[in-house]
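Reader: Please take one part of this model and go through it closely, beginning with what lies beneath the surface. Then carry on to the other parts in one connected account.

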Amino acid sequence: MTAPRQVWPPEFEARYEAAGHWTEETLPGFFRERAEAAPEAPAVRFGGGTLSYADVDRASDAVAGGLRGAGFRPGERIVLQLPNIPQFFSAMFGAMRAGLLPVYALPAHRRQELEHFVDAAEATGYITVDRHAGFDYRGLARELGGSLDPSRVFVVGESDEFRSFAELEGATARDLVEPDAAEVAFLQLSGGSTGLSKLIPRTHRDYVYTLRESARICGLTTKTVYLGALPIAHNFPMSSPGTLGTFYAGGAVSLSPSPSPDAAFPIIERDRATITGVVPPMAIMWARAAGKTPHDLSSLEVLQVGGARFAPEAARRIEPALDVHLQQVYGMAEGLVNYTRLDDPLDVRVNTQGRPISDDDEIRLVDAEERPVAPGEQGHLLTRGPYTIRAYHADAETNRRAFTEDGFYRTGDLVSVTEDGNLIVHGRVSDVINRGGEKIPVEEVENHLMAHAGVHDAVLVPVPDPYLGEKSCAVVVPEDPAPTALELRRWIRERGLAAFKIPDDVMFLDAFPSTGVGKVSRRDLRAAVRVRISSEAPNG
Ligand code: AMP
Ligand code: DBH
């Protein structure tokens, strides 16, 4: 089994190295350097306890040794599905120091998603937790039994027939591997531009570059306390600047089990968190809750909002309600990340999604024929640069669609650029529903709906929602006898899909409207769903 590669053409490689973007630093390597420079500095705060940089560094070495002892070989892939707990970091750095590539599943993912990750990454191991948020992940591990050997499944907490993660953290460090900065460090997940989530190979040097620049742009120092509130396996709280950018700056990470105000506010007060990142629906909840909370949020200096479109009216309420600096973040696990800068005028922070990290990020806005649009016009965003992938992991067919011949990534986003160079995200050209930051690949859900005997045809369309931005409605042409909406929602859950992919609404039609060439017209369907919803609304 060979490790996946990520290759930039030699002239780009030379350019990014000469510019100083890419260095010899690696993810576990820079963490080791911080631990050697300031071993006793706090790295992770959780549930009232603190782990120092030296603690996390030692635990990571032990996990690496334990994985090598369990028979893992460099280049193999291991799926990590952990909530916001300190073991996330020893598992991640430990896997890397064993030469393995972590694949970052989210806690929300279920059997269908996990099977796909194991399969697509040809993963040979799984690190998970016993229980989290009312769900037993050992049950999920059992369901994966066909593809994973139980002796290669590690569980934080009660491990039952699997192996205990504590055993790994107590192992002797041995056979450690020092990766090369040009190698792929891990496989991150995309929201899926079509079909299933794609695996995104990120190298040490491209990712470390984003951490270094993100830490600088967001003003991080050794005094920073970053609150990991969104699931920390996601690219935004991992790297923009997230937990890893905070480690890069030598600061501390505080972990919250959930981003809800009930969970996060007491932790902000306890750990004196200075910065965090949330998705728009959470930001709105935080702004509402701030006026009533007994908790002292005065340590919080920066609230980052990203992952989905943030309506300017909502954005405007953030700073007065929370007495923070609003920073909008528009990024993607494939690479490109944009920030509003901390010293941008309020107008820019409220109305735009910021500008790229790097002067070497190339931005192209094109129309449906891929011709450049006029300045100021909306277009499909294509991008290329020192930390944007040139290909997904082992998926030639998707790669042909997702990248241009000269290596630009087709983001699927509809964007315009203001005169001062800031991006505004207007919507999407690809078939993904962005449900408050959680991305639903419509084709995946449609395929599962179609597998139901009572479904003749199904299309998933986005429906505007004042809180989530968008939610999903399944439009179904039923067979006789027709299933109920409840049955279809339960069906999707039982098929083993993440809960956020269950259609919020189901609508039945006798037939689909079609386009000139006989394809189902998603545009007409969206319009039909909107008409129905507005006619159902109490005020017309
Ligand atoms: P993913 O593929 O899961 O990494 O999701 C990346 C996508 O999330 C982007 O291509 C955008 O469609 C969306 N996104 C991320 N941040 C923002 C933002 N600040 N505003 C609007 N859309 C965003
Ligand atoms: O939504 C995203 O994927 C995202 C948003 C903000 C991201 O990957 C990022 C910043 O790095």
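Author: A residue is called buried here if its relative accessible area is under 20%, with only the protein chains counted as cover. The model is predicted, and everything below should be read as a description of that prediction.

Helix α11 spans residues 261–271. Its buried residues are Pro261, Ala263, Ala264, Phe265, Ile267, Ile268 and Asp271. The cover over these buried residues includes three strands, β1 (42–46), β12 (225–228) and β13 (252–255), and a helix, α12 (280–290). Just after α11 comes arginine 272, with a positive phi of about 55°.

A single buried residue can be followed in the same way. Threonine 388 sits in the loop that runs between β20 (379–384) and α15 (396–402). Threonine 388 counts as buried because its relative accessible area is 1%, where the cut-off is under 20%. Its side chain reaches the backbone nitrogen of leucine 336 at 3.1 Å. Leaving out residues up to four places away in sequence, threonine 388 touches Trp8, Glu334, Gly335, Leu336, Thr383 and Tyr409.

Next come the ligands. Around ligand 1 there are 17 residues, of which Gly191, Val329, Ala333, Asp413 and Lys439 come nearest. Strand β16 (residues 325–332) gives the most to this shell, with four residues. Ligand 1 has polar partners in both backbone and side chains. A polar side-chain atom of aspartate 413 is 2.6 Å from one of the ligand's oxygen atoms. In the side chain of lysine 439, an N or O atom lies 3.2 Å from an oxygen atom of ligand 1. From the backbone, an N or O atom of arginine 309 is 3.5 Å from a nitrogen atom of the ligand. On its own, ligand 1 has 500 Å² of accessible area, and the protein covers 91% of that.

Lysine 439 also belongs to the shell of ligand 2. That shell consists of His234, Asn235, Phe236, Ser240, Gly307, Val329, Gly331, Met332, Ala333, Val337 and Lys439. Helix α9 (235–239) and strand β16 each supply at least two of these residues, and β16 gives the most, with three. A polar side-chain atom of lysine 439 lies 3.0 Å from an oxygen atom of ligand 2. Two backbone approaches to oxygen join it: a polar atom of alanine 333 at 3.4 Å, and an N or O atom of methionine 332 at 3.5 Å. Of the 290 Å² of accessible area that ligand 2 has on its own, the protein covers 95%.

Further along the sequence lies a sheet. It is open, with three strands in the order β25-β26-β27 and mixed pairing. Strands β25 (455–465) and β27 (505–508) form the edges; each has a single partner strand, so one side of each is left without a neighbour in the sheet. From one strand to the next, the twist averages 30°. Strand β26 covers residues 469–478 and runs antiparallel to β25, with ten bridges joining the two. Valine 463, for instance, has lysine 471 in β26 as its bridge partner. Helix α16 (residues 442–450) packs on this sheet, touching β25 and β26, and its direction makes about 140° with that of β25. Helix α17 (residues 485–494) lies across β25, β26 and β27, running at about 125° to β27.

Key: Residues numbered from 1 in each chain as written. Chains lettered and ligands numbered in written order. Predicted model: local features only at pLDDT ≥ 70, side-chain atom pairs only at ≥ 80, totals over all residues. Heavy atoms only, no water. Pairing = 2+ DSSP bridges. Axes fitted to C-alpha atoms, helices over the stretch in contact; angles between N-to-C directions. Contact = heavy atoms within 4.5 Å. Buried < 20%, exposed > 50% of the residue type's maximum accessible area, 1.4 Å probe, protein only. Polar contact = N/O pair within 3.5 Å; in protein donor to acceptor, adjacent residues only side chain to side chain. Near = heavy atom within 4 Å. Areas by Shrake-Rupley, 256 points an atom, 1.4 Å probe, with all protein chains shown as cover.
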